[in-house]
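Hi,

Here is the structure I promised to pass on. Have a look at it first, and then read my notes below.

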Amino acid sequence: MTGGVTPGLRAERVSREAGGRLVLDGVHLAPPPGATVGLIGPNGSGKSTLLRVLAGVLVPETGVVTLDGRRLDEIGRRTVARRVAVVDQHAVTQVELSVLDVVRLGRIPHRRAWAAPGREDEEAVREALERTGLAGRGDQSWHTLSGGERQRVQIARALAQQPRELLLDEPTNHLDIQHQLELMSLIASLPLTGVIALHDLNLAAMFCDRIVVMKQGRVVAAGTPSDVITEKLIADVYRVSARVAPDGPDGRPSVRFVPGRPGH
């Protein structure tokens, strides 16, 4: 970008209440373009709410979210949807859909109302299926897929939007270890900016370029996995004891939890 405009998606001093409780409290988040950012913290720390605010689904009560320097509420939902894709924890439907049907939903922001898919739409869908390892499975029923396969289809649907930013809320929940590793490897390899809410600290350390830690609606730490994921931070934020060693891939930290609370 030129002219001093800050590229990408940014949250600046964002706050929001829910049920009389401050769930986001002056949050600042500025993912570097092309980076995979892990959003970690205990349940109720505000991770999912922050993702919804970044996506424009929720509006901050104070502060602002911008995309390439422009406020989301000034851009319009359709334009935002062409740039920012969201993958939620669970995707459930009672409608009989094929894999291809689901992935084609990602093209809705790019098509005129009631218009049939064009060549560009079909090409985007084909590329998304190939990138996620689903080529040749377009005719398979959504309801016959495993949990890991459904998550992969949802990522393909998001990629069909051709976004530059991808927001994912606990994408590895309820997946076995193999599917967790495969899914995170896929996400980290994508040529876009990713913000991922995660519970698993080892997955965050292994696959994310940067880590943002939330506690009670605030960002309490941000930086590289080695800078952020420490025994002291885990004790302060999660109230558990852990041993952290630099024996993960490329010297990244790995976490081993220890029974008992810190100091016990």
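Which residues form a nonpolar patch on the surface? They are Ile177, Leu181 and Met206, with about 260 Å² of accessible area together. A patch takes residues with over 30% relative accessible area and no salt bridge, joining like charges within 9 Å and nonpolar side chains (Val, Leu, Ile, Met, Phe, Trp, Tyr) within 5 Å. A salt bridge here is a side-chain nitrogen of Lys or Arg within 4 Å of a carboxyl oxygen of Asp or Glu. Areas come from the Shrake-Rupley method with a 1.4 Å probe, and for residues only the protein chains shown count as cover.

Before going on: this is a predicted model, where local features need pLDDT of at least 70 and side-chain atom pairs count only at pLDDT 80 or more, while totals for chains, interfaces and linings use all residues. Residues are numbered from 1 along each chain as its sequence is written, and side-chain values use heavy atoms, leaving out hydrogens and water.

Back to the patch: Ile177 sits in helix α7 (residues 177-189) and is exposed, with a relative accessible area of 64%. (Exposed is over 50%, buried is under 20%, and partly exposed is in between, with a 1.4 Å probe and protein chains only. Helices are DSSP runs of H or I with at least four residues, strands are runs of E with at least two, and both are numbered from the N terminus.)

Helix α1 is mostly covered, since seven of its nine residues are buried. Those are Lys47, Thr49, Leu50, Leu51, Val53, Leu54 and Ala55. Right after α1 comes Gly56, with a positive phi near 85°.

Two other residues have a positive phi of about 50° although neither is a glycine: Arg13 and Gln216. Most residues other than glycine have a negative phi. Arg13 is in strand β1 (residues 9-18) and is exposed at 57% relative accessible area. Gln216 is in the loop between β9 (210-215) and β10 (218-223), and it is exposed too, at 63%.

Last, the second largest pocket has a volume of about 220 Å³. Of the 15 residues lining that pocket, the closest to its centre are Gly56, Val59, Pro60, Leu72 and Asp73. (A pocket is an open set of points on a 1 Å grid over the protein atoms alone, where a 1.4 Å probe fits, with protein on both sides within 12 Å along at least five of seven lines; lining residues have an atom within 4 Å of a point. The volume is the space filled by probe spheres set on the points, which are joined across faces, edges and corners.) β4 gives the most to this lining, with three residues.

Cheers
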